[in-house]
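Biologist: I should like a close look at a single part of this structure, set in the context of the chain that holds it. Please give one connected account.

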Amino acid sequence: MATPAAVPHTPAVGHSASPSGLWSWLTTVDHKRIGILYGLSALAFFVLGGVEGLILRSQLAVPNNDLVSAPLYNALFTMHGTTMIFLGVMPFSAAFFNYMLPLQIGARDVVFPRLNAFSYWLFLFGALVLNVPFLIQPFTHGIDPSSALAPLTRVIPDGGWFGYAPLTTKEFSPYLSIDFWIAGLQILGIASMAAGFNFIVTILNMRAPGMTFLRMPVFTWMTLVVQFLVVLSFPCITVALILLLMDRLFGTHFYIPSAGGDPLLWQHLFWLFGHPEVYILILPAMGIVSEVLPTFSRKPLFGAPFVIFSGITIGLLGFGVWAHHMFTTGLGAAADAAFSVTTMLIAIPTGVKIFNWIFTVWGGQIRLTTAMLFSLGFVGMFTMGGLSGIMHSSPPVDLQQQDSYFVVAHFHYVLFGGAIFGLFSGIYYWFPKMSGRFLDEGMGKIVFGTVLLGFNLTFFPMHFVGAWGMPRRIYTYDEGMGWEQINLLETIGAFILAFGVLLFIISFFRSMKNGLPAGDNPWDASSLEWITTSPPAVHNFDKTPTVYSDRPVWEKNHGPGPGYSLPEGDEHIHLPPPSIKPLIGAVGVGLFLTSFVMLNLTNLALAVTALGLALIFYSFYTWFLEPGH
Amino acid sequence: MGVDNYKLAMWTFLGSECFFFGSLIGTYMSYRGKSLTGPYPLDVFDPAVTSISTFDLLASSLFMVLAVHYAKMGDINKMLAWIGATMVGGLIFLGFQYYEFSHFVHEGLTLKSNLFGATFYVLTGFHGTHVAVGVLLLGSLGWAAKRGHLANVGETTEVIGLYWHFVDVVWIAIFTLVYLLEYT
């Protein structure tokens with residue numbers, strides 16, 4: 001919490017070379033390195049989730065296909081959703097929060113650097129808990145179903161990313177698959193919430209002098225809104241999962257109708273988290289787009305305060321719309337009407353943002369860089385996803401579309417066409433800052449074209465086949481339903497999309513080595529991260545800037561105001577020393593939760609929970625006493 | 001913002017905790033009266049006993065205020081004394097909870113008996129866990145303050161005090177909604 005008087009100050013290591021080697025990465029508390037770790041992990045899991053998606057599409061390419069079995073198909077769509085949401089989009093956003101946010105507000109690091117490292121390691125542990133079952137199941141699926149180890153026969157999570165009870169209760173899913181899913185999600189939840197507290201305090205307390213709220217970059221603003229959504233919505237799914245675990249481990253009846261339990265309780269708690277989660281996924285992308293469009297139009301963001309307040313409004317309204325996921329459960333006319341209205345209301349701030357982005361580009365000196373193309377793609381694709389979303393806000397329409405491919409089309413337009421296009425834009429935009437090199441622009445345009453084509457070929461036809469009645473989550477379908485051609489087309493689209501992503505990955509790693517060198521501010525952008533070197537020194541800024549404008553770097557270069565100023569003389573630079581405690585603490589929390597869900601299986605689990613607790617205590621107490629922080 | 005970093009972090013954490021306990025209390029309330037079999041709340045509750053433990057927990061909040069006051073004054077000995085009193089208050093509360101739980105189990109109310117048992121034990125169990133964590137935090141605080149590990153004893157004590165008061169406030173909600181509501 002605080003440190004004794006005698007603190008060994010680390011010298012300003014930024015002036016020398018950064019430490020290297022595996023140990024330096026395991027013990028790093030530098031927000032930039034943690035950002036890189038988040039980014040590379042997210043990329044790996046994004047590819048994994050993509051491969052799962054390709055297998056799903058391959059299975060559905062032709063009718064009555066038997067590429068994968070029905071249980072495996074269940075596991076694959078569960079893990080595709082869970083992976084893309086929690087291990088793809090969220091950590092990709094977290095990579096930019098970590099790397100860019102302290103730079104954008106003129107800070108040396110986040111406020112609690114070790115907590116930041118703890119969040120990352122815990123995220124990685126949770127991601128492994130969800131995915132290691134893929135390696136276990138091939139060895140355990142043949143276990144005798146009558147033996148005590150029978151729950152091990154299915155370990156890959158297979159209850160859907162939404163985990164609806166009572167399907168996930170012991171009676172219908174007696175396997176460890178659901179328990180691993182519970183453990184993984186709880187771990188990821190703690191990681192996200194810890195990061196949330198960290199970023200909220202960082203943004204509120206660590207801004208450079210002169211950076212008032214309305215001078216904060218829009219990406220920083222959207223990050224702030226997202227972190228509030230994280231810390232307020234994740235507790236709801238934490239409770240939902242705790243109750244599910246109680247049902248599975250200790251014989252309670254929270255979700256068991258025969259004992260008076262109500263399955264709708266799960267849906268309420270889950271979507272009370274699940275809908276804000278949608279905005280947790282999309283708002284960072286909106287923040288990125290709000291940085292990219294003005295930069296490459298050489299204009300300020302049109303009505304920036306409106307974009308900011310719309311983001312806040314979306315965040316607030318996001319807590320009042322969860323039951324639109326439950327129209328088909330028969331909540332009654334009053335509830336349906338209320339949630340229908342709040343859902344339609346969200347279209348207003350969202351529409352405000354879309355028009356602001358269009359007016360930002362309007363009349364600008366447009367440079368069609370890859371980042372710009374992806375941002376423009378975001379505006380188009382996200383609008384389409386938004387429009388089908390407004391259709392769902394009407395209960396009678398939703399009753400027709402629920403659980404059909406129309407819904408699949410809708411949320412891929414907002415989550416891929418929206419969130420992932422935005423994140424791609426961010427990668428092309430900030431890659432020069434992070435690496436000192438440009439990400440291949442020529443190849444970038446090919447990537448954009450391929451991804452745009454493949455994406456639309458995959459997901460646009462789903463609107464039709466969904467409206468024609470093809471349900472979600474079916475592992476195959478009969479001939480003669482009229483779905484064959486469209487499904488084949490979607491599968492071809494998916495492979496084109498995957499090819500585009502493959503091109504991106506190749507050019508990403510090639511550009512890291514051989515990309516054209518970029519200067520400190522290659523795009524002539526406006527926010528503070530562009531006054532650091534590319535890549536930034538360990539301590540970010542030699543001197544803390546004082547900010548006079550919401551576009552400090554642009555105004556410094558182009559007027560009319562001074563933009564920002566740097567103080568005279570040398571500044572004392574204090575950087576926290578590296579620490580292994582966050583990693584140990586994360587392993588402790590991870591071990592505790594993972595073994596806890598297996599308490600009924602073996603006594604060994606009890607020993608591991610004790611070990612986990614011991615590691616938690618050891619890490620936190622030594623953490624507290626560690627000098628230099 | 002002009003607010004200490006740790007204090008601001010604690011406030012955001014407590015905001016998060018509001019949703020955590022809000023979900024648990026919401027679950028309790030939505031299952032209230034829905035149990036298919038007994039024991040029902042009025043079969044097991046003893047309002048006199050729970051009132052005493054409630055009073056004890058509220059008193060501990062007063063001790064916490066005094067500890068913060070002396071920590072800010074720089075009077076470490078008095079601060080430690082009141083921290084100790086707060087911890088004793090918390091431990092007495094936990095003792096009451098242990099007594100209550102074992103009494104209820106003796107009356108036949110377990111996690112498995114009905115929805116009342118499940119919702120009651122999970123909600124009050126998590127509250128009790130929070131009290132226990134609070135006692136641990138207070139103990140660590142006292143130890144660190146005595147050993148001179150804290151740069152700003154007053155501020156740190158206040159931050160942990162916020163947590164302690166929050167846990168008390170949650171109990172007031174639980175006492176009202178879970179216990180008192182049965183007698184209206």
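Modeller: Two residues are taken to be in contact if their C-beta atoms, placed from the backbone, lie within 7 Å. With that cut-off, among contacts in chain A between residues at least 6 apart in sequence, 80% join residues at least 24 apart. The model is predicted, and the part chosen for the close look is helix α13 of chain A, which covers residues 405-435.

The setting comes first. Chain A contains 18 helices and two strands. Its C-alpha trace spans about 75 × 60 × 50 Å along the principal axes. A compact globule of 629 residues would have a radius of gyration near 25 Å, and the 25 Å of chain A therefore agrees with that expectation. Of those 629 residues, 55% count as buried.

Within this chain, α13(A) is largely enclosed by the rest of the structure, because 29 of its 31 residues are buried. The helix is not straight: a bend of about 40 degrees occurs at A:Tyr429, and the proline A:Pro432 follows within four residues. Just after α13(A), A:Gly436 adopts a positive phi of about 80 degrees.

A:Pro432 deserves separate attention. This proline belongs to helix α13 of chain A. A residue is buried if 20 or more other C-beta atoms lie within 10 Å of its own; A:Pro432 has 25 such atoms and so counts as buried. Leaving aside neighbours within four places in sequence, A:Pro432 is in contact with A:Arg437, A:Phe438, A:Ala518, A:Pro522 and A:Ser534. A further pairing in space involves A:Gly515, which is 83 residues away from A:Pro432 along the chain, with a C-alpha separation of 9.1 Å.

The contacts of A:Val89 also bear on the numbered range of α13(A). Apart from neighbours within four places in sequence, A:Val89 is in contact with A:Leu415, A:Ala419, A:Ile420 and A:Leu423, among others, and the helix runs over residues 405-435. The other partners of A:Val89 include A:Met84 and A:Leu281. In the largest nonpolar core, which has 238 residues, A:Val89 is one of the four that touch the most other members, together with A:Leu122, A:Ile187 and A:Ala240. The largest share of this core, 23 residues, is supplied by helix α7 (residues 218-250) of chain A.

Helix α4 (residues 113-131) of chain A offers a second example of a covered helix. Its 19 residues reach 27 Å from the first C-alpha to the last, close to the 27 Å expected at 1.5 Å a residue. Of those 19 residues, 17 are buried, and α4(A) is thus mostly covered.

Finally, chain A also has a partner. The contact between the chains takes 30 residues from chain A and 29 residues from chain B. On the side of chain B that touches chain A, the elements giving two or more residues are α1 (5-30) and α5 (115-147) of chain B. Of these, α1(B) gives the most, with 14 residues. By class, that side of chain B has 15 nonpolar, twelve polar and two charged residues.

Conventions:
Residues numbered from 1 in each chain as written. Chains lettered and ligands numbered in written order. Predicted model: local features only at pLDDT ≥ 70, side-chain atom pairs only at ≥ 80, totals over all residues. Nonpolar A, V, L, I, M, F, W, Y, C, P; charged D, E, K, R; others polar. Rg over C-alpha atoms; globule rule 2.2 N^0.38 Å. Buried ≥ 20, exposed ≤ 12 C-beta atoms within 10 Å, placed from the backbone. Bend = angle between axes of the 7 residues up to and from the residue. Expected span 1.5 Å × (residues − 1). Core = buried A, V, L, I, M, F, W, Y, C linked by C-beta atoms within 7 Å.
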